[in-house]
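Here is the note I was asked to write on this model, set out as numbered points. Please read it with the coordinates open.

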Amino acid sequence: MYPEGVPCWIDVQLPDVEAGKRFYGELFGWTFKVAPGDGAHEVWAYLPAASATPSGGPASSGSPASFDGPTPVGAPEPGAPGSGAPGSGAPEPGAPEPGTEGPAPSDAPLAPVAALVPKPDGRMPTVWTPHFATPDAVALTARLRAAGGQVITTPTPVGDLGVAALATDPEGAVFGLWQAGTHQGFGRRHEPGTFAWAELYTRDTKAANTFYAHLFHDALFGPDADPDFGRAAVTEVFPAEMPPHFLVHFGTEDCEAALGVVTRLGGRVQVPPFETSYGNVAVVTDNQGASFALLQRRAGDDWREAPQEEGQEEQIPDDLRLEGDEGREDEG
């Protein structure tokens, strides 16, 4: 199970899920299956488990690294007996093409990496949303309200998969909470074609550190913290009028090649590649307007927090942990 405050799942709301399957299937080599218990609406994206080799374009080429997360309970191979998905049964021979639904060969177990969700209302934003793990969504939403955040959707059971909630921080950036049941989250991450990082673009990084330290102190500032989550001033990449938001990053081994695939598939480059403290990043939108980032890690680099103001030096985790502890003491 992922510790509290660790990004454990991502989803995107799209006007056309079928078009999303074609786009992300070709870009990342994902295959898809109807989400367990969800009829014919939400679909989950999968890559071969860590023992297998992923298929796909430049963003998912190469041999996968060892899986560093928990074994996903309740995320069996799509179509396998006991998966809970409609049409469960013995897998048919032959692997599915990227971007399609279908069973996988029996020797290629799959791991879930993301979800594609149809927009219930055309007025809703087309956006990728990170979900943070928690052992108790009710208790966490109470802490969140006390710290100045808002709850959009109260903790709601999703069958036996877990409990979901949707919230905003004090500046309005939207994120999800996930209390795991049988679905614990990512089956693979930190690899090409999978979740690699979540960056919060905000107008007040110090206030953001205080707020999220109150919610997720150990994950961000604890002695064993290995954050997947950074905070940066919105004006560093986006115009000042852009509202605070989370930007989901996907790993790639070749950022320039992946940008070529995005453009060919009808997406566009929103921000060309730029250097950050955690790698080379480009911001793009898919062919339906959902923004995300491509992250090419620099080998051997330790994590650092990017400068948040002009002239500010990079901060190492010990500095940030102290800042988070001070925020907690002030609130206490």
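1. Residues 312-328 stay under 50 in pLDDT throughout, although the model has 32 contacts beyond four places in sequence for this stretch. The coordinates come from a predicted model, and residues 102-106 likewise remain under a pLDDT of 50, with 17 contacts beyond four places in sequence. Where pLDDT is low, the predicted coordinates should not be read in detail. For the protein chain as a whole the average pLDDT is 79, and 71% of the residues score at least 70.

2. An open sheet is built from eight strands in the order β2-β3-β4-β1-β5-β8-β7-β6, with mixed pairing. Its edges are taken by β2 (31-34) and β6 (150-158), each of which has a single partner strand, so that one side of each is left without a neighbour in the sheet. From one strand to the next, the twist averages 30 degrees. Within this sheet, β3 (residues 43-48) and β4 (residues 110-118) run antiparallel and are joined by six bridges, and Leu47 has Ala111 of β4 as its bridge partner.

3. Two helices pack on this eight-stranded sheet. Helix α1 touches β1 (7-14), β2, β3, β4 and β5 (128-133), and its direction makes about 145 degrees with that of β4. Helix α3, in turn, touches β5, β7 (162-168) and β8 (174-180), with its direction at about 5 degrees to that of β8.

4. A further open sheet has six strands, ordered β10-β9-β11-β14-β13-β12, and its pairing is also mixed. The edge strands here are β10 (229-233) and β12 (268-276), which pair on one side only, while the twist from one strand to the next averages 25 degrees. Strand β9 (residues 195-202) pairs with β10 in the parallel sense over five bridges, and Gly230 in β10 is the bridge partner of Glu199.

5. The helices named in point 3 should be examined against the six-stranded sheet as well. Helix α1 (residues 17-28) lies across β11 (245-251) and β14 (291-296), running at about 5 degrees to β14. Helix α3 packs on the sheet through contacts with β9, β10 and β11, and its direction makes about 175 degrees with that of β10.

6. Which residues touch the most other members of the largest nonpolar core? In this core of 67 residues, they are Trp30, Trp128, Phe175, Tyr212 and Phe292. Helix α3 (residues 205-221) supplies the largest share of the core, nine residues. A second core, separate from the largest one, has 14 residues, including Ala196, Val234, Val237 and Tyr278.

7. Ser291 merits a separate look. This residue lies in strand β14, and it counts as partly exposed because its relative accessible area of 25% falls between the cut-offs of 20% for buried and 50% for exposed. Leaving aside residues up to four places away in sequence, Ser291 touches Trp128, Leu247, Gln270, Val284 and Thr285. With one of these, Gln270, there is a polar contact between the two side chains at 3.0 Å; the C-alpha atoms of Ser291 and Gln270 are separated by 8.2 Å, and the two residues are 21 residues apart along the chain.

Notes. Residues numbered from 1 in each chain as written. Predicted model: local features only at pLDDT ≥ 70, side-chain atom pairs only at ≥ 80, totals over all residues. Heavy atoms only, no water. Core = buried A, V, L, I, M, F, W, Y, C linked by side-chain atoms within 4.5 Å. Buried < 20%, exposed > 50% of the residue type's maximum accessible area, 1.4 Å probe, protein only. Helix = DSSP H or I, 4+ residues; strand = E, 2+ residues; numbered from the N terminus. Pairing = 2+ DSSP bridges. Axes fitted to C-alpha atoms, helices over the stretch in contact; angles between N-to-C directions. Contact = heavy atoms within 4.5 Å. pLDDT = per-residue confidence, 0-100. Polar contact = N/O pair within 3.5 Å; in protein donor to acceptor, adjacent residues only side chain to side chain.
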